[in-house]
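The following note sets out, point by point, what can be read from the coordinates under review. It is intended to be consulted alongside the sequence and the structure.

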Amino acid sequence: EPILGDEIKDFKIINSEFFCVKIGGLPLIELKLESSDNEKSIKLLSANPKMIFHFSLLVKKIDETNSEVEIEFAGKFSSMMEMMIKNPITKFTDEIATNISQVNFNI
């Protein structure tokens, strides 16, 4: 939650595999933790069949105090849906990229 940023209007944890998030003017999006590799690799998959997408985050340790994080967003959208979500999803992804630098992965 701390890395999600100002574009988040609502955030709710459902259980250990699902959470809901409202990004900008988009409807509430349910995301599922698709895979996790000891918190070094995480894939979040949209549970909404009208908005098929996923976020993948890969954390690569550089040294004891530095890590590199790779963020990937991929999705399949109709052209109308793409027009609606492009700005909010881009802002959301940019905020994650900025805010993730504040996370201490060496805890």
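**Notes on the predicted model**

1. Ser46 has its place in strand E4. This is a predicted model, and the remarks below should be taken in that light. With a relative accessibility of 10%, Ser46 counts as buried, because the limit for that class is under 20%. Beyond residues up to four places away in sequence, Ser46 touches Ile29, Glu30, Leu31, Met51 and Phe53. A polar atom of the Ser46 side chain also lies 3.2 Å from the backbone nitrogen of Asn48.

2. The overall architecture may be stated briefly. The protein chain comprises six strands and one helix, arranged along the sequence in the pattern β-β-β-β-β-β-α. The chain has 107 residues, of which 31% count as buried. Among contacts between residues at least 6 apart in sequence, 31% join residues at least 24 apart.

3. Strand E4 covers residues 41-46 and runs antiparallel to E5, to which five bridges join it. One position in this pairing is Leu45, whose bridge partner in E5 is His54. The connection from E4 to E5 is a hairpin through five residues.

4. Strand E5 also pairs with E6: the two run antiparallel and are joined by ten bridges. Within this pairing, Val59 has Val69 of E6 as its bridge partner, and Lys60 stands opposite Glu68, likewise in E6. A hairpin through five residues leads from E5 to E6.

5. Phe18 deserves a separate entry. Its place is in strand E2. Apart from neighbours within four places in sequence, Phe18 is in contact with Ile13, Glu30, Leu31, Lys32 and Ala47. Of these partners, Ala47 is 29 residues from Phe18 in sequence, while the C-alpha atoms of the two are 8.9 Å apart in space. Glu30 and Leu31 appear among the contacts of Phe18 and also among those of Ser46.

6. How many aromatic pairs does the structure hold? There are six. In one of them, the ring centres of Phe53 and Phe55 are 5.9 Å apart and the planes stand at 90°, so this pair is edge-to-face. Both Phe53 and Phe55 are buried. A second example is the pair of Phe73 and Phe77, which is stacked, with 6.3 Å from centre to centre and 10° between the planes.

7. Are Phe73 and Phe77 buried or partly exposed? Phe73 has a relative accessible area of 29% and is therefore partly exposed. Phe77 is partly exposed as well, at 22%. Ring pairs link these two residues with Phe53 and Phe55 into a cluster. The cluster thus includes Phe53 and Phe55, which are buried, together with Phe73, which is partly exposed, and Phe77, also partly exposed.

8. Helix H1 spans residues 79-99, 21 residues in total. From its first C-alpha to its last it reaches 30 Å, close to the 30 Å expected at 1.5 Å a residue. Where does H1 bend? The bend is at Ile85 and amounts to about 45°, with a proline, Pro88, following within four residues.

9. Which residues of H1 are buried? They are Met81, Ile85, Pro88, Ile89, Phe92, Thr93, Glu95, Ile96 and Asn99. An α-helix has 3.6 residues a turn, so residues three or four places apart point the same way. In this helix, Ile85 is both a buried residue and the site of the bend, and Pro88 is likewise listed as buried. The elements that cover the buried residues of H1 include strand E1 (8-13), strand E2 (18-23), strand E5 (52-61) and strand E6 (67-76).

10. Ala97 offers a contrast within the helix. It is found in H1, yet it is partly exposed, with a relative accessible area of 42%. Ala97 and Ile71 are 26 residues apart along the chain, and their C-alpha atoms are separated by 7.3 Å. Ile96, by comparison, belongs to the buried residues of H1.

Note on methods
Residues numbered from 1 in each chain as written. Predicted model: local features only at pLDDT ≥ 70, side-chain atom pairs only at ≥ 80, totals over all residues. Heavy atoms only, no water. Phe/Tyr/Trp six-rings, centres within 6.5 Å; stacked < 30°, edge-to-face > 60°. Buried < 20%, exposed > 50% of the residue type's maximum accessible area, 1.4 Å probe, protein only. Expected span 1.5 Å × (residues − 1). Bend = angle between axes of the 7 residues up to and from the residue. Contact = heavy atoms within 4.5 Å. Pairing = 2+ DSSP bridges. Polar contact = N/O pair within 3.5 Å; in protein donor to acceptor, adjacent residues only side chain to side chain.
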